[in-house]
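User: I would like a close look at a single part of this protein, set in the context of the whole chain. Please take it step by step.

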Amino acid sequence: MSKAPFYITTPIYYVNDIPHIGHAYCTVVADVLARYHRLMGVPTLFLTGVDEHGQKVQAAAEKRGLDPKKHCDEMAENFRAIWKELNISNDIFFRTTDSFHKKAVQDCLSQLHDAGEIYTKEYEGWYAQADEIFYTEKDLVDGKAPTGTEVTKITEKNYFFKMSKYQERLISHIEKNPGFIEPSYRKNEVLGFLRQPLNDLCISRPKSRLSWGIELPFDRDYVTYVWFDALLNYATGVGLKQSGKTDEFKKWWNASPSPVMHLLGKDILTTHSVYWPTMLMALGLELPRTIYAHGWWLTQSNEKMSKSKGTVVKPLDVKNIIGVDALRYFLSRDVRLGNDSQFSIELVINRVNSELSNNFGNLLSRTCSLIAKYFGGQLPVVEKLSEKSEALKAVALSTHTKLEAHLASNELQEALGVVIDMLTNANQYLADREPWKMAKTDLPHAGETLTISLECVRIAAILLTPVMPTKCEELLKRLGGTSGAWSEASKFLALKPGTVIANEAPLFMRVELPKAEA
Ligand code: ME8
């Protein structure tokens, strides 16, 4: 039976700045999940991209003295280049300035306007430029936006989407679909928010105040509110309102059950779990299956990284110290998806040294060097498995099943943890059996130990390929070019005796903390 498709998205990032480690985090995790699905034979689509309209981007372009489109073109290239360096395998790189998107957004607006879902009224509100959000008086905390940013009072005529109309339907959808908002504690937060009356959504900005946006099809004096434009990317990216793309749209969006998983930071959960589903309801479209809010990387003083405070970490700086695969591993493994964590280079180096260099890498080096020394670099024959080998075999064979179960619940940290546990077991087995001593008195037993250990390395290499594609592919090459197919991870003793095993430099070098500049 063919597997149901999986469509994963990251937020489309504002092009007001270059990406920092928080953006890289979301993009790497989405990439890893996409690669796992592909490797398991699931038809997969992965979208990331950039959010180019709105006040923030217009202001950033003005600051650089550039025309907004030119600014966006340059910034979009920065994102693309950094994602390439991080080995991100996105199928779509979305840009909201692409003409097909602008046309599709206008078609959605016309549909809603014609259906009476959009109306106009004079509006007085508190506008937070940094958040690009209007707040009402009661939303304010100590005269500021709930996010802490400054607000100014504005009165103007605007267009509104009848979001409040969908409040009850949304509450019922969230309650009936436990996996819709994850982790589950975030679902409760959203339900808490929805206990208050929901306002309608202001979806226009007068051109007199903001010109950099998609013009409203029914009033040329206005552009579309950037969030209304941006959220639609997930659907226009797979064919919404585009002729000739009906099948594509049905496959990746409008299917039941939905193939869609949105991964995003907890900062933008409300826009994704309230604005977006109500927009989809009004448009008569399917809702995503999962909206997953991940946590934040914080500074040493427990604050969200901020460019203005000079506390951001650049992903390529970290990559230059530890390498791309180790960075991808750290981001996928170090924090439970959903939680916040402080970022420090010491944390990265400790994790990478202890789990990749000392555990995974060490098992590989010790096994390969002993096979080289005592078996001429060829995999020894195994006659019969001892009790300890059988026990390790059972651990190794259960690893992919446990990993798949964790992935099904989006527990990436835990999924990688089961592979590390298997490697720890294998290292312990090697230490207990001391094949370096055994080889001198009982060569067949030493051979058995080394082959069993190397099987664990082989299985780990397959199971970790989505996280560390380059290293794992290289490793599989060293093991006689053995297959990296997912089904091979559920086999034991898949490597044939006599296979030439390369004994090369350590796959994961130990990393030292860079010396502080004098
Ligand atoms: O909000 N830790 O774009 P954005 C972890 N354009 N993740 C972080 C982070 C941190 N310190 N800082 C940022 C926007 N992120 C809109 C989205 S989608 C239709 C429109 C990540 O450039 C996290 O995923 O501000 C967060 O949600 C996203 O970057 C926000 O990126």
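Which residues does Glu455 touch, not counting residues up to four places away in sequence?

Analyst: The model is a predicted one, and what follows should be read with that in mind. Leaving aside residues up to four places away in sequence, Glu455 touches Lys491, Phe492, Leu493, Ala494 and Leu495. The residue itself belongs to helix H17, which covers residues 443-463. Glu455 has a relative accessible area of 1% and therefore counts as buried, since that value falls under the 20% limit used for burial. A further reference point is Ala489: although 34 residues separate Glu455 and Ala489 in sequence, their C-alpha atoms are 9.6 Å apart in space.

As for the wider setting, the protein is divided into domain 1, residues 6-294, and domain 2, residues 350-490. Taken over C-alpha atoms, the centres of domain 1 and domain 2 are separated by 43 Å, and the contact takes 11 residues from domain 1 together with 17 residues from domain 2.

Another element for comparison is helix H12, residues 324-333, which is mostly covered, with 10 of its 10 residues buried. Among the buried residues of H12 are the charged residues Asp325, Arg328 and Arg333, and the list also includes Val324, Leu327, Tyr329, Phe330 and Leu331.

The backbone offers some further local detail. In the loop between helix H14 (387-408) and helix H15 (412-433) lies Asn410, whose phi is near 55 degrees, a positive value in a residue other than glycine; with 9% relative accessibility, Asn410 counts as buried. Asp142 likewise has a positive phi, near 50 degrees, and is a residue other than glycine, but Asp142 is exposed, with a relative accessible area of 76%. Its place is in the loop between strand E5 (133-135) and strand E6 (152-161).

Two cis peptide bonds can be added to this account. The bond from Glu182 to Pro183 is cis, with omega near -10 degrees, and Pro183 is placed in the loop between strand E7 (181-182) and helix H6 (184-193). The bond from Ser256 to Pro257 is also cis, with omega near 0 degrees, and Pro257 sits in the loop that runs between helix H9 (246-252) and strand E12 (260-265).

Seen as a whole, the protein has 18 helices and 15 strands. Its radius of gyration is 26 Å, close to the 24 Å that the globule rule gives for 518 residues, so the protein is as compact as a globular protein of that length. The C-alpha trace spans about 90 × 60 × 40 Å along its principal axes. Of the 518 residues, 56% count as buried, and Glu455 is one of the residues that meet this description. Among contacts with a separation of 6 or more, 75% are between residues 24 or more positions apart.

At the surface, the protein exposes about 21,900 Å², of which carbon and sulfur atoms supply 50%. The mean positions of its 61 positive and 62 negative charges lie 3 Å apart.

To return to the part that was asked about, Glu455 is a buried residue of helix H17, in touch with a run of residues that includes Lys491 and Leu495.

Methods:
Residues numbered from 1 in each chain as written. Predicted model: local features only at pLDDT ≥ 70, side-chain atom pairs only at ≥ 80, totals over all residues. Heavy atoms only, no water. Helix = DSSP H or I, 4+ residues; strand = E, 2+ residues; numbered from the N terminus. Rg over C-alpha atoms; globule rule 2.2 N^0.38 Å. Buried < 20%, exposed > 50% of the residue type's maximum accessible area, 1.4 Å probe, protein only. Contact = heavy atoms within 4.5 Å. Areas by Shrake-Rupley, 256 points an atom, 1.4 Å probe, with all protein chains shown as cover. Charge placed at Lys NZ, Arg CZ, Asp CG, Glu CD. Domains from an automatic or database assignment.
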